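Colleague: I have a model open and would like to go through it with you. Could you take me around it, starting wherever you like?
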Amino acid sequence: MFMAELKMIKSASGEEITNEKGSTKFKCPNCGKYIIIRSLHERKIATRYTCPECKFSGPN
Ligand SMILES: [Zn+2]
């Protein structure tokens with residue numbers, strides 16, 4: 001399901017993130033249309049993310 005709402009920001013694991021310490025926020029490196037947020041925990045366990053816009057996925 002890729003009915004992405006661009007205003008909705010969620011982490012790769014589906015959690016909504018506010019100001020979690022150590023979280024990272026960046027635009028999709030492929031299309032730049034979607035803001036990806038990863039928590040410190042997700043980076044530690046190297047959770048993969050997938051951009052809902054272009055399907056780009058990666059660990060960074
Ligand atoms: Zn993208």
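Colleague: Let's start with Glu53: is Glu53 buried or exposed, or something in between?
Modeller: In this predicted model, Glu53 has a relative accessible area of 35%, and because buried means under 20% and exposed means over 50%, Glu53 counts as partly exposed.

Colleague: And where does Glu53 lie?
Modeller: Glu53 lies in the loop between strand 3 and strand 4, and its C-alpha is 6.8 Å from the C-alpha of Tyr34, although Glu53 and Tyr34 are 19 residues apart in sequence.

Colleague: Changing topic, which residues coordinate the zinc ion?
Modeller: The zinc ion is coordinated by the SG atoms of Cys28, Cys31, Cys51 and Cys54, at 2.2 to 2.3 Å, and along the chain these donors follow the spacing C-x2-C-x19-C-x2-C.

Colleague: Which distant parts of the chain does the pair Cys28 and Cys54 link?
Modeller: Cys28 sits in the loop between strand 1 (24-27) and strand 2 (35-38), while Cys54 sits in the loop between strand 3 (49-50) and strand 4 (57-58), and the two residues are 26 residues apart.

Colleague: Why is the arrangement around the zinc ion called tetrahedral?
Modeller: The four donor atoms subtend angles of 105 to 115° at the zinc ion, and the arrangement is therefore tetrahedral, since four donors count as tetrahedral if all angles lie between 85 and 135 degrees.

Colleague: Back to that pair, are Cys28 and Cys54 buried or exposed?
Modeller: Cys28 has a relative accessibility of 4% and so counts as buried, whereas Cys54, with a relative accessibility of 26%, counts as partly exposed.

Colleague: What about the protein as a whole, how many helices and strands are there?
Modeller: The protein has one helix and four strands, and from the N terminus on these elements run β-β-α-β-β. Of the 60 residues in the protein, 25% are buried, and the protein exposes about 4500 Å², with carbon and sulfur atoms supplying 52% of that area.

Colleague: Last one, what is the mean pLDDT of the protein?
Modeller: The mean pLDDT is 78, and 65% of the residues reach 70 or more. In the protein, confidence is lowest in helix 1 (residues 40-44), where the mean is 86, and highest in strand 3, at 92.

Colleague: And what should I do where pLDDT is low?
Modeller: Where pLDDT is low, the predicted coordinates should not be read in detail.

Technical notes. Residues are numbered from 1 along each chain as its sequence is written. This is a predicted model: local features need pLDDT of at least 70, side-chain atom pairs count only at pLDDT 80 or more; totals for chains, interfaces and linings use all residues. Side-chain values use heavy atoms; hydrogens and water are left out. Donors are N, O and S atoms within 2.8 Å of the metal (3.2 Å for Na, K and Ca); water is not among the atoms, so sites may look incomplete. Four donors count as tetrahedral if all angles lie between 85 and 135 degrees; four count as square planar and six as octahedral if opposite donors are over 155 degrees apart and all others between 65 and 115; anything else is irregular. Buried means under 20% relative accessible area, exposed over 50%, partly exposed in between (1.4 Å probe, protein chains only). pLDDT is the predictor's confidence in each residue, from 0 to 100. Accessible areas come from the Shrake-Rupley method with a 1.4 Å probe; for residues, only the protein chains shown count as cover.
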